[in-house]
Each structure stands twice: as structure tokens, then as C-alpha cells.
Amino acid sequence: MKIGALDVGTNTVLMLVAETTPDGGVRRVIDLARVTRLGQGVDQNHRLDPQAALRTLDTIADFVTQARAAGAEKIVAVGTAALRDAADGEDFIRRVRERAGVELEIASGETEAWLSYLAVTRGLRLDPAQRLLIIDIGGGSTEFIRAEPGAKLQVASLQIGSVRLTERIIHHDPPTTREAADLRLAIDAELTGLGWKLETDLLVGIGGTVTTVCAVALQMETYDPDRVHGYRLSRQEVENVLRLLGSMPLEERRKLKGLDPARADVIFAGTAILERVMSESGVSTVTVSDQGVRWGLVWRELGAQPPPKPS
């Protein structure tokens, strides 16, 4: 069976077609990604930018066509932070239905976190006795999932993401020392407000920010998901990438190996979120997962259910 899974994010549209295998697993058939910046201006205006919406709609239609050509028997789809926040999100869903013939579910932050959990726990071989913290840094929000032996899962969604924080705080190219400090303060304030002790045995990072930081650290000429998936990215590597990004004007960042030029303007803020989470959690490495929400959608469609939410 082949399933298409569409993840319409604040910054990026992702489409996975996965095929079930005889051993109960799934394998990638095609995996598409395009930066469309659907969340452009949503933090300030609470409405979708018309051009961003059109770019995203065109991409969805293109990806759905490719998924069907690849044999997808069913396509499931979610939209995340930008569509949660935009007053005209329902109108966009109608346009997707009419243009591409798919029903787009606006996932809550909690649902997004559950899908990330499904993806990580099935996509990486993890020690169930370890305390696990998963972070999914998106364009509009960052999801946290904490799993500890003998305890119910905890999930949370914070309104910090690479696009949102860039639009709020970064107004110079490259960022000024004051903007970098303000960015750090804003992230730390959100982490404090979360009220969690972030200490953990294993930190797993998913989403385009984390995989991009990994690709830049590895200076990848061409993105290789198999090389990125499971890579243990050190805190020193993250700090080095953050320092490099903060020292470069946008045009130079666009030329960096491993960095999609369309992410170049927001990757500094996203990397800062990763660095602050690593600092607060007291870990020396973050294990990178290339399998995010779109993989969780496939597992959910195949019948996997997350544990009950805490009472």
C-alpha cells in the first residue's frame, strides 16, 4: 500500500509517499520539499499573504499530482501553525480542496506533537529506558514532547519558530548584537514559561531547521536524508553554525553548503532556538531525525495511536 502524506508548514510544504513493507515497516518512495513561506506576515496581520497563499497552493497541487503519479492510493494532509493562526485559514482549506482534491486538516499544536512522536519512535531505534525529549522547530511554532519511563507523555507547543521570530526581532542584515541578544531573551522567556525541567538523557530534533543545521555542519553539497537521519549533532557544531550564520549577510548565507537559499533569511533564528534548547536541556548532542510530521501521518493512517494524553 502506498500512502501520500502532505505537511503544509509555516515555511515549507513537504510531501512524502511511503510504501508499506512485509515486515510491518514503511519505506520512502518519493519525498518532496519546497519553501513557500505560507506564514509570511501572519504573526503581524493574522491573515495569509495572497502571494504566499498562491505559491503554497500551486506547490500543493504540483505535489499531489506527483504523489498520485507515484502510486499513492490515499493522500492525508495537515496544516500547522500558519493555518492555526490565520483568520482566513478555512478559506485556504477550501481552495486546496477545490484545486487539489485533498482535505487539509488544521492540526493543533498537540496533534502536531503527537505526530512527531509517532515519527521519531518508529523512525529511530531508541532505548525505552531513556528519558526522551523531542523538539520540532517549525516556522511558526516549536513543539515539545517529553517521554519518561513510567510516566505519561507530555506535549507542548510554543509560539516560537524561525519565521515568527525573524519577523519580530531581526531587522538588520546581518543581525546586530542587540538583535541576537533579544532573540536569545525571547526564546529563554518562552522556555521559562513552559515550566518544564528540560534535562533529558536523549534530545531528538526534527523539522527543517534541525536537518538544515545538520546539513550545514556537514557541509553537504547535496542533501542526503540517510546521512542526516540519526546523526548526533554536537552542541559545539550547533554553536559554530549559529556563529557563522550570525556573521554573514544574507547573500553570503544563501551560498552556504547544506543551506537551501530559500531558508537563508530565517535559519539564524531557528538555529538560535536549537542552541537555547540544547543549553537548557544540558545535553552535548542532539540526535537528528529526518522523519517528521509527514511520517507520523503515515503511521497514524496505518493505525498507530499515540498514548493517552495526560489527565
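## A covered helix, two cores and a mixed sheet

Let's start with helix H8 (208-217), which is mostly covered: 8 of its 10 residues are buried. Here "buried" means under 20% relative accessible area, "exposed" means over 50% and "partly exposed" lies in between, using a 1.4 Å probe and protein chains only. The buried residues of H8 are Thr-209, Val-210, Thr-211, Thr-212, Val-213, Cys-214, Ala-215 and Val-216. Helices (H or I, at least four residues) and strands (E, at least two) are DSSP runs, numbered from the N terminus.

A quick word on the ground rules: this is a predicted model, so local features need pLDDT of at least 70 and side-chain atom pairs count only at pLDDT 80 or more, while totals for chains, interfaces and linings use all residues. Residues are numbered from 1 along each chain as its sequence is written, and side-chain values use heavy atoms, with hydrogens and water left out.

**The sheet**

Five strands form an open sheet in the order S3-S2-S1-S4-S5, with mixed pairing; two strands count as paired if DSSP finds at least two bridges between them. Strand S3 (26-35) and strand S5 (104-106) each have a single partner, so one side of each of these edge strands has no neighbour in the sheet. On average, neighbouring strands are turned by 20° against each other, direction ignored. Axes are lines fitted to C-alpha atoms (for helices, over the stretch in contact), and angles run from 0 to 180 degrees between N-to-C directions.

Strand S1 (residues 2-8) and strand S2 (residues 12-20) run antiparallel to each other, paired over 7 bridges. One of the bridge partners is Val-17 in S2, which faces Gly-4. Helix H13 (residues 293-301) packs on the sheet and touches S1, S2, S3, strand S4 (74-79) and S5, with its direction at about 135° to that of S1. Contact means heavy atoms within 4.5 Å.

**Two nonpolar cores**

A nonpolar core is a set of buried Ala, Val, Leu, Ile, Met, Phe, Trp, Tyr and Cys residues joined through side-chain atoms within 4.5 Å. The largest one has 46 residues, and Phe-144, Leu-165, Leu-183, Ile-187, Leu-203, Leu-233 and Leu-274 have the most contacts inside it. Among the elements that give two or more residues to this core are strand S6 (132-137), helix H6 (162-169), helix H7 (177-194), H8 and helix H12 (267-281). H12 provides the largest share, with 8 residues.

What does Leu-165 touch, leaving aside its neighbours within four places in sequence? Its contacts are Ile-160, Ile-170, Leu-183, Ile-187, Ala-269 and Ile-273. Apart from this core lies another, of 27 residues, among them Leu-32, Ala-53, Ala-82 and Val-96.

**Backbone oddities**

Most residues other than glycine have a negative phi, and most peptide bonds are trans. Here are three residues with a positive phi.

| Residue | Phi | Place |
|---|---|---|
| Arg-37 | about 55° | loop between S3 and helix H1 (42-45) |
| His-46 | about 60° | loop between H1 and helix H2 (50-69) |
| Gln-219 | near 50° | follows H8 |

Arg-37 is buried, with a relative accessible area of 12%, whereas His-46 is partly exposed at 45%. There is also a cis peptide bond between Asp-173 and Pro-174, with omega about -5°. Pro-174 sits in the loop between H6 and H7.

**Arg-164, the cavity and the pocket**

Arg-164 belongs to H6 and is buried, at 7% relative accessibility. Outside its neighbours within four places in sequence, Arg-164 is in contact with Asp-43, Ala-81, Asp-85, Gly-139, Gly-140 and Gln-159.

Empty space is mapped on a 1 Å grid over the protein atoms alone: a cavity is a set of points where a 1.4 Å probe fits but cannot get out, a pocket is an open set with protein on both sides within 12 Å along at least five of seven lines, and lining residues have an atom within 4 Å of a point. Grid points are joined across faces, edges and corners, and a volume is the space filled by probe spheres set on the points.

The count comes to 1 cavity of 30 Å³ or more, and the largest cavity has a volume of about 60 Å³. Its lining includes Arg-164, Asp-43, Ala-81, Asp-85 and Gly-140. H1, helix H3 (81-85) and H6 each give two or more residues to that lining.

The largest pocket has a volume of about 780 Å³. Of its 46 lining residues, Thr-12, Leu-14, Gly-208, Thr-211 and Arg-263 lie nearest its centre. S2, S3, S6, H8 and H13 each supply at least two residues of this lining.
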